Amino acid sequence: MAEVKIQAEARTEFGKGAARRIRRDNKVPAVLYGHGSDPVHITLPGHDTMLALKTANALLLIEVEGSESHLALPKQVQRDPIKGFIEHVDLVIVKRGEKVQVDIAVHLEGEAVSDTLVVLEHPSILVEAEATHIPDGVVVSIEGLDVGSQIHASDIKLPAGTTLAIEPDTLIVNVTAAQTAEQVEAELSEAEAEAGIERDEPEAEATTADEPVSAAAE
């Protein structure tokens, strides 16, 4: 994974008011920590940070004005729940050659046999890799899998230098039989009954021999 260089500024103002002023300038408040060093409070350029963090486990080279540069990984990214812009970033300092534990995405490829339901139990897995060689993710083939097939963490082929950091028997993919329309309707009816929901039965339209015939029909 290539390093993304970001120019940062030292931050001396704190609190909600200061954070709002920083964001109004299209910048992001952040903190660097790790390796026993004191936390370093910085301000990052908003646009560059947004682009960099589109990649999971982005490796950032943070150059702080008047200070040394730091190699870091995003530990926690806080976003506005409505607008989605980045509000704050926690960055953990890493060293070249150091092993780190990170979650990487699981991507499925291929198609299971018809009338099956493929359940991705874990969309990501925890692995250990060198900080400068974190894989983007792993690809798992489900091509031709039938009902009852399962893929566990130990079945996944990892890139060289990357090892599992979860239990090998962790279930990642489970292939089951797809539900029929009748089964879906039965489960829906059961859930409605438990919730006390009653369906309105459609009124049947019918005429009887005793009903008068309209003048238009005569």
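This is a short tour of a predicted model, with suggestions on what to select at each stop.

**Stop 1: the sheet**

Start by selecting strands S10 (137–141), S7 (99–109), S9 (124–130) and S12 (163–164). Together these four strands make an open sheet, running in the order S10-S7-S9-S12, with mixed pairing. Look at the two ends of that order: S10 and S12 are the edge strands, and each has a single partner strand, so one side of each has no neighbour in the sheet. As a reminder while you look, strands in a sheet pair through backbone hydrogen bonds, in a parallel or an antiparallel sense.

**Stop 2: partners across the strands**

Now keep S7 and S9 on screen. They run antiparallel to each other and are joined over seven bridges. Pick Ala105, and you will find Ser124 of S9 opposite. Then pick Lys99: which residue in S9 is its bridge partner? That partner is Glu130.

Move on to S9 and S12, which are also paired in the antiparallel sense, over two bridges. Select Glu128 here and look for Thr163, its bridge partner in S12.

**Stop 3: the largest nonpolar core**

Next, show the side chains of Ile125 and Ile156. The largest nonpolar core has 25 residues, and these two touch the most other members. At least two residues of this core come from each of S5, S7, S9, S10 and S13 (171–177). Which strand gives the most? S7 does, with four residues.

Stay with Ile156 for a moment and colour its contacts. Leaving aside residues up to four places away in sequence, Ile156 touches Ile125, Val138, Val140, Ile151 and Ile172. There is also a second core, separate from the one above, with 18 residues; among them are Ala30, Leu32, Leu53 and Val64.

**Stop 4: the largest pocket**

Finally, turn on the surface and select Thr55, Ala56, Asn57, Leu73, Pro74, Lys75, Val92, Val100, Gln101, Val102 and Asp103, which line the largest pocket. Its volume is about 240 Å³. Colour the selection by residue class and you should see six nonpolar, three polar and two charged residues in the lining.

Which strands each supply at least two residues of this lining? They are S5 (69–79) and S7. S7 makes the largest contribution, with four residues. That brings you back to a strand from the first stop: S7 gives the most to the lining of the largest pocket, and S7 also gives the most to the largest nonpolar core.

Conventions
Residues numbered from 1 in each chain as written. Predicted model: local features only at pLDDT ≥ 70, side-chain atom pairs only at ≥ 80, totals over all residues. Heavy atoms only, no water. 1 Å grid on protein atoms, 1.4 Å probe; cavity = no way out; pocket = protein on both sides within 12 Å on 5 of 7 lines; lining within 4 Å. Points joined across faces, edges and corners; volume = space filled by probe spheres on them. Nonpolar A, V, L, I, M, F, W, Y, C, P; charged D, E, K, R; others polar. Core = buried A, V, L, I, M, F, W, Y, C linked by side-chain atoms within 4.5 Å. Buried < 20%, exposed > 50% of the residue type's maximum accessible area, 1.4 Å probe, protein only. Contact = heavy atoms within 4.5 Å. Pairing = 2+ DSSP bridges.
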